[in-house]
Amino acid sequence: MQKNKIIYISIITIIIISIIGIYISDIQNSSGSNEEGSIDVLFAAGFSKVGPELISEFNKKYPNIKVNSKYGGSGELFATLETQKKGDVFLPADYKYMEDAMNSGYIDNGTVKNVTKNVPVIIVEKGNPKNISSLKDLAKDGVKVGIGEKNGPAIGKTTAKILEKNNLSSDVGKNIVVTTTTVNQLLTYLITGQVDATIIWEDMTSWKEGDGKIEVIKIPEDENEISTVPVGITSFTKDKDAAVKFNEFITSEEGKTIWEKWGFEV
């Protein structure tokens, strides 16, 4: 009798342990993948708002993959690839930087995907005291203009193309009082009154920093230079599996929803 009781208790114990094991497994699966890894993502500075949310949502799916982010001008990020050979995922603000990286052998070309668009717009102080309504108005007397460095951030290279395309390089050039290494600095110069007008990416006009402080003047499409934003995995990544997962996530439907939330057209 005692022997049967022991057997019965043993069977019950095994069943309970099995149920607990299944329960724990379900919890782990519901909280995300158990895959581990670590990657460094080189984000263009203009993605400093959308980037943290992309990482946060990615980590809900892959909680054991650590994502380290570096934000900077696209030219600065390219220099990181060129001089340090570091980084796992490259996300510049314009395709030209990706193209240069691909041609230099810094990118696994088969991993490159187009993510979204970057649309340049003119921004001015709330109330538009200088009555700026077009690119030509950036050349008016007394207008202080800030732009990105031509060989620095993507917005700088793009702005140079816009001014050249519209034969305004020289005229607007006379009014340029500051050039910056990141697009974020341009927004700061504008809202602090150090410049009267600048050209930044359209999605940035929804940032809380400029809320109630700026007005947006759109640039006609035939005068504009809209940039394609790509993402790709570097050729010297140390954790390709994790990099591939991040690359796929930010271009997935879930990732696109996040881009759209921050004002990007996907």
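Hi everyone. Before we look around, one term: helices and strands here are DSSP runs, with a strand being a run of E of at least two residues, and they are numbered from the N terminus. With that in hand, take strand β1, residues 37-44: it gives the most to the lining of the largest pocket, with three residues.

I should say early on that this is a predicted model. The mean pLDDT of the protein is 91, and 88% of its residues reach 70 or more. Please be careful with residues 17-31, though, where the pLDDT is below 50. Beyond near neighbours in sequence, that stretch has three contacts in the model. Where pLDDT is low, the predicted coordinates should not be read in detail.

Now, back to that pocket. Its volume is about 170 Å³. Which residues line the largest pocket? Going along the chain, you meet S38, I39 and D40, then N68, then K85, K86, G87 and D88, and finally F236, T237, K238 and D239. Sorted by character, this lining has six charged residues, four polar and two nonpolar.

Next, the enclosed space. Rolling a probe the size of a water molecule over the atoms shows where empty space is left. How many cavities of 30 Å³ or more does the count come to? The count comes to one, and the volume of this largest cavity is about 50 Å³. Around the cavity you can find A44, A45, G46, S74, A93, P153, A154, I155, V183 and W201. Here the lining has eight nonpolar residues, two polar and no charged ones. So keep two pictures in your head: a pocket lining with six charged residues, and a cavity lining with none.

Let's finish with the sheet. Five strands form an open sheet with mixed pairing, and if you walk across, the order is β2-β1-β3-β10-β4. Which strands sit at the edges? They are β2 (65-72) and β4 (113-118), each of which pairs on one side only. From one strand to the next, the twist averages 20°.

Helix α4, residues 95-103, packs on this sheet and touches β3, β4 and β10. The direction of α4 makes about 35° with that of β10.

Let's zoom in on one pair of strands. β3 (residues 89-91) and β10 (residues 227-233) pair in the antiparallel sense, over two bridges. If you'd like a spot to look for on screen, find F90, which stands opposite G232 in β10.

That's my tour. Thanks for listening!

Notes
Residues numbered from 1 in each chain as written. Predicted model: local features only at pLDDT ≥ 70, side-chain atom pairs only at ≥ 80, totals over all residues. Heavy atoms only, no water. 1 Å grid on protein atoms, 1.4 Å probe; cavity = no way out; pocket = protein on both sides within 12 Å on 5 of 7 lines; lining within 4 Å. Points joined across faces, edges and corners; volume = space filled by probe spheres on them. Nonpolar A, V, L, I, M, F, W, Y, C, P; charged D, E, K, R; others polar. Pairing = 2+ DSSP bridges. Helix = DSSP H or I, 4+ residues; strand = E, 2+ residues; numbered from the N terminus. Axes fitted to C-alpha atoms, helices over the stretch in contact; angles between N-to-C directions. Contact = heavy atoms within 4.5 Å. pLDDT = per-residue confidence, 0-100.
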